[in-house]
Amino acid sequence: MIITIGREYGSGGREIGCIVAQKLGVPFYDKEVLTRAAQESGLCKELFERHDEKASVGGMIAGSQSMHMGTASVGLQMPLNQRVFLAQFDAISKIAQEGDCVIVGRCADYVLKDLPNVTHVFIYASQEKRIERIMRVEKVDSEKARDLIRKTDKQRRNYYNFFADGNWGLRSNYDLMLRTDGKDFNNIADAIIAYAKLNEG
């Protein structure tokens, strides 16, 4: 069972993904994808962290016609953020080949869209609840929380829309979309697992 989770910033998507992985007893990948991609590509990890779910203007201008190439054919002339994405693309593909897992973010739903028995989930929440959560977790005031939401969601949306040739958060990209307002994360994790088991059939 492989589950990918896209998420709005502050919706609790990462935490829910972690709970799902723990309940299933399978590997959990979030920033671990960056470590894996760095190790396998030979690029330094700091580059992956700097470009993590961000699409630079330079990369966008260069175009995305080479997004479907493997890293073996990535030349030095390719914009850096494209090389980083392709390394992550390959890392996610290899992770999925190794067996059951939960992968959060990084266009995993797009990378694995043609793989059978993969459940793609998107986690979202109201602005109010996201602000409350970010204030609590990040220890910031409401204005800062609101700014973090705006900036982070914009980065994720631009990254996804550029590299995945699609619309971030668009329902047709996912099997299941869940709003976390007022919900217990353990219950949400159980719902995701139940749906994924149905989806395997």
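A cavity here is a set of grid points where a 1.4 Å probe fits but cannot get out. That idea is worth having in hand before looking at this predicted model, since one such void turns up in it.

**The closed void**

The whole-structure search gives 1 cavity of 30 Å³ or more. The largest cavity has a volume of about 120 Å³. Its lining takes in 16 residues, and Gly105, Arg106, Cys107, Tyr160 and Trp168 sit closest to the centre. Three elements each give two or more residues to that lining: strand 1 (2-7), helix 6 (108-111) and helix 8. Strand 1 has the largest share, with 4 residues. Sorted by class, the walls of the largest cavity hold 8 nonpolar, 3 polar and 5 charged residues.

**The chain as a whole**

Stepping back, the protein chain has 9 helices and 5 strands. Walk along the sequence and they come in the order β-α-β-α-α-α-α-β-α-β-α-α-β-α. Of its 201 residues, 51% count as buried. If you take contacts between residues at least 6 apart in sequence, 68% of them join residues at least 24 apart.

**The second largest pocket**

Now for an open space. The second largest pocket comes out at about 170 Å³. It is lined by 13 residues, and Lys129, Arg133, Arg136, Thr180 and Phe185 lie nearest its centre. By class, that lining has 2 nonpolar, 4 polar and 7 charged residues. Which helix gives the largest share of the lining of this pocket? Helix 7 does, with 5 residues.

**Helix 7 and helix 5**

Helix 7 deserves a look of its own. Its buried residues are Arg130, Ile131, Arg133 and Ile134. Looking down the helix axis, you find these buried residues within an arc of 165 degrees, so they line one face of helix 7. An α-helix has 3.6 residues a turn, so residues three or four places apart point the same way. As for partners, the buried residues of helix 7 pack against helix 1 (13-24), helix 8 (142-163) and helix 9 (185-200). Arg133 therefore shows up twice: it is one of the buried residues of helix 7, and it is also among the residues nearest the centre of the second largest pocket.

Helix 5 is mostly covered, with 15 of its 19 residues buried. Ser93 is found in this helix. Is Ser93 buried or exposed? Its relative accessible area is 19%, and buried means under 20%, so Ser93 counts as buried. Leaving out residues up to four places away in sequence, Ser93 touches Val111 and Leu112.

Both helices can be checked against the 1.5 Å a residue rule, as set out here.

| Helix | Residues | Expected span | End C-alpha distance |
|---|---|---|---|
| Helix 7 (127-138) | 12 residues | 16 Å | 16 Å |
| Helix 5 (80-98) | 19 residues | 27 Å | 27 Å |

For helix 7 the end-to-end distance agrees with what 1.5 Å a residue should give, and for helix 5 it agrees too.

What comes just after each helix? Lys139 follows helix 7 and takes a positive phi of about 60 degrees. Gly99 follows helix 5, and its phi is positive as well, near 135 degrees.

Definitions and conventions. Residues numbered from 1 in each chain as written. Predicted model: local features only at pLDDT ≥ 70, side-chain atom pairs only at ≥ 80, totals over all residues. Heavy atoms only, no water. Expected span 1.5 Å × (residues − 1). Buried < 20%, exposed > 50% of the residue type's maximum accessible area, 1.4 Å probe, protein only. Arc of directions from axis to C-beta. Contact = heavy atoms within 4.5 Å. 1 Å grid on protein atoms, 1.4 Å probe; cavity = no way out; pocket = protein on both sides within 12 Å on 5 of 7 lines; lining within 4 Å. Points joined across faces, edges and corners; volume = space filled by probe spheres on them. Nonpolar A, V, L, I, M, F, W, Y, C, P; charged D, E, K, R; others polar.
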